[in-house]
Amino acid sequence: MNTSLIQIKIKNEKYESIIKTLISKSIYYQDLVVKENEILLKINKEDYKYLSHKYKETVILKYLGINRFLAFIKKHYILLLSFIFTYIVLLVLSNIIFNIEIISNNTELKRVITLYLEDYDIKKYKFMKSNKELDKIKKKILEENKNTLEWIEIERLGTSYVINLTERVINEIPNEDTLTDIVAKKDALITYIVTKQGTTLKEVNEIVKKDEIIITGNIIKNEDIVDTVKAKGEVYGEVWYTVTTTVPYNHVEYMSTGEKINHIYIDLFGKKITLMGKYDTKESLNETSVLIDKPYLFFKVMKEEKNLYKYVQKNLTEDEAYEEALKRSDKSITDKLNKDEYIIDKKVLKINKYSSKIELEIFYKVYENIASEKEITFPEPEEGE
Amino acid sequence: MLNNLTTFLGNEDYRISILNNGIHILNYKSIVDITETEALIKIDKKLIKITGNNFRLTKLDKKELLIYGQVKKVSVNEH
């Protein structure tokens with residue numbers, strides 16, 4: 001392809017005269033068209049100077065190939081420059097941090113994490129970080145604050161960072177050497193006790209309140225404490241629950257169809273421009289991930305994974321709704337139980353029937369491990385003792 | 001360009017193609033004269049004389065040329 005072609009028009013000249021000039025000067029051309037008083041032809045740009053000098057009424061009609069592109073730039077360079085300038089300004093502004101919001105109830109943790117973030121240059125009027133850098137920073141902050149921080153999530157929302165902190169709550173589990181009692185985890189009727197170490201204070205069929213000592217680590221002889229050990233044993237009891245469950249007669253349940261659709265799109269200032277896999281449905285659970293997010297681009301390429309669901313309208317009779325309420329109540333209890341724990345008995349205390357729903361109040365007796373270790377605290381010795 | 005390549009690969013000296021509305025000549029040496037009714041083209045050691053009506057030299061390249069018009073006669077003279 002000839003990249004320097006232009007189309008010209010020569011007016012008020014005779015065809016023979018022009019052709020003879022072109023042949024004698026070896027000016028190569030193509031697509032010659034003769035009209036009433038003008039001749040159109042395509043020539044190399046370098047030959048234009050000679051022809052325009054020889055034939056006064058010669059004009060360029062259009063540029064072809066690369067010349068066309070260059071001519072466009074020359075003609076619109078102010079517009080193009082302002083567009084590039086605007087793009088750069090937008091790019092810079094959209095990549096500057098204007099706000100940082102840290103979400104946590106712990107003010108001390110907030111203060112510490114703010115200092116860490118500042119160390120990693122995450123502060124107002126600094127440039128946004130890439131996802132890779134953010135991941136690294138998150139890892140480092142988590143490592144350096146592993147005793148106080150369970151999780152940190154840094155989310156970019158426009159020109160802001162929203163930082164969610166999850167504080168680490170350390171449940172101090174008494175170690176093997178700690179002297180402990182076994183206490184009741186909750187109010188219960190004791191149905192089974194095995195004491196391996198320590199002194200049993202309660203018996204089977206005795207009712208205990210929450211935190212009441214069942215097996216103590218104190219070894220008691222003649223009402224005197226002769227030694228203190230770590231109490232060991234197993235305690236199971238009957239625990240009581242009341243569960244209230246409501247089931248509407250008419251409701252919608254959703255079931256997965258197993259079908260997945262990947263929607264790839266460009267996120268341009270919050271506007272979605274689909275590249276592939278557009279599928280509009282309200283019956284899906286969507287999971288979005290970032291494919292391309294570069295600081296020099298003002299758009300992101302995103303992937304939306306749509307898991308399709310089928311919505312099923314359920315119309316239950318009163319009896320069916322009753323059974324469904326029982327099933328849901330049982331599930332709410334059994335979900336909390338371990339393998340060796342089970343429902344002993346249940347009784348429906350109250351049935352409230354409404355025009356649109358049924359409400360059951362059910363009492364449960366549950367066989368459950370009620371043992372919990374609690375460290376034995378010794379009173380501070382008084383002064384002078 | 002494709003024509004030139006074919007010529008190069010096929011070791012073709014020249015080619016004259018008579019079209020419905022014109023004539024196409026590849027590997028010409030020079031144009032001696034061209035009017036609306038007659039064209040004299042030098043090819044190799046031959047002189048090609050084309051007669052007809054409404055001749056327009058539509059394309060002129062270093063190696064090829066295309067004349068549109070009604071071609072009546074093509075004669076080759078060795079010289």
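**Helix H7, a four-stranded sheet and the A–B contact**

Student: In this predicted model, which strands do the buried residues of H7(A) pack against?

Tutor: The buried residues of H7(A) include A:Ala321, A:Ala325 and A:Leu326, and A:Glu324 is also among them. Packed against these buried residues are three strands of chain A, namely S15 (232-248), S20 (342-353) and S21 (357-369).

Student: Why does the distance between the end C-alpha atoms of H7(A) agree with its expected span?

Tutor: Helix H7 of chain A covers residues 318-334, which is 17 residues. At 1.5 Å a residue these should span 24 Å, and the distance agrees because the end C-alpha atoms lie apart by that value, 24 Å.

Student: Which strands are the edge strands of the open sheet of four strands in chain A?

Tutor: The strands of this sheet pair antiparallel, in the order S17-S16-S19-S18. Neighbouring strands are turned by 35 degrees against each other on average, direction ignored. Pairing on one side only marks the edge strands, which are S17 (271-276) and S18 (284-292).

Student: What is the bridge partner of A:Val290 in S19(A)?

Tutor: Strand S18(A) runs antiparallel to S19 (residues 299-315) of chain A, and eight bridges join the two. In S19(A), the residue bridged to A:Val290 is A:Met302.

Student: Which side chains meet in the salt bridge between chain B and chain A?

Tutor: The contact takes 13 residues from each of chain B and chain A, and the area buried between them is about 1100 Å², 60% of it from carbon and sulfur atoms. The count of salt bridges between the two chains is one. With a nitrogen-to-oxygen distance of 3.8 Å, the side chains that meet in it are those of A:Lys20 and B:Asp33.

Key. Residues are numbered from 1 along each chain as its sequence is written. Chains are lettered from A and ligands numbered from 1 in the order in which they are written. This is a predicted model: local features need pLDDT of at least 70, side-chain atom pairs count only at pLDDT 80 or more; totals for chains, interfaces and linings use all residues. Side-chain values use heavy atoms; hydrogens and water are left out. Two strands pair if DSSP finds at least two bridges between them. Axes are lines fitted to C-alpha atoms, for helices over the stretch in contact, and angles run from 0 to 180 degrees between N-to-C directions. The expected span of a helix is 1.5 Å times one less than its number of residues. Buried means under 20% relative accessible area, exposed over 50%, partly exposed in between (1.4 Å probe, protein chains only). Contact means heavy atoms within 4.5 Å. Buried area is the accessible area (1.4 Å probe) that two parts lose on being put together, summed over both. A salt bridge is a side-chain nitrogen of Lys or Arg within 4 Å of a carboxyl oxygen of Asp or Glu.
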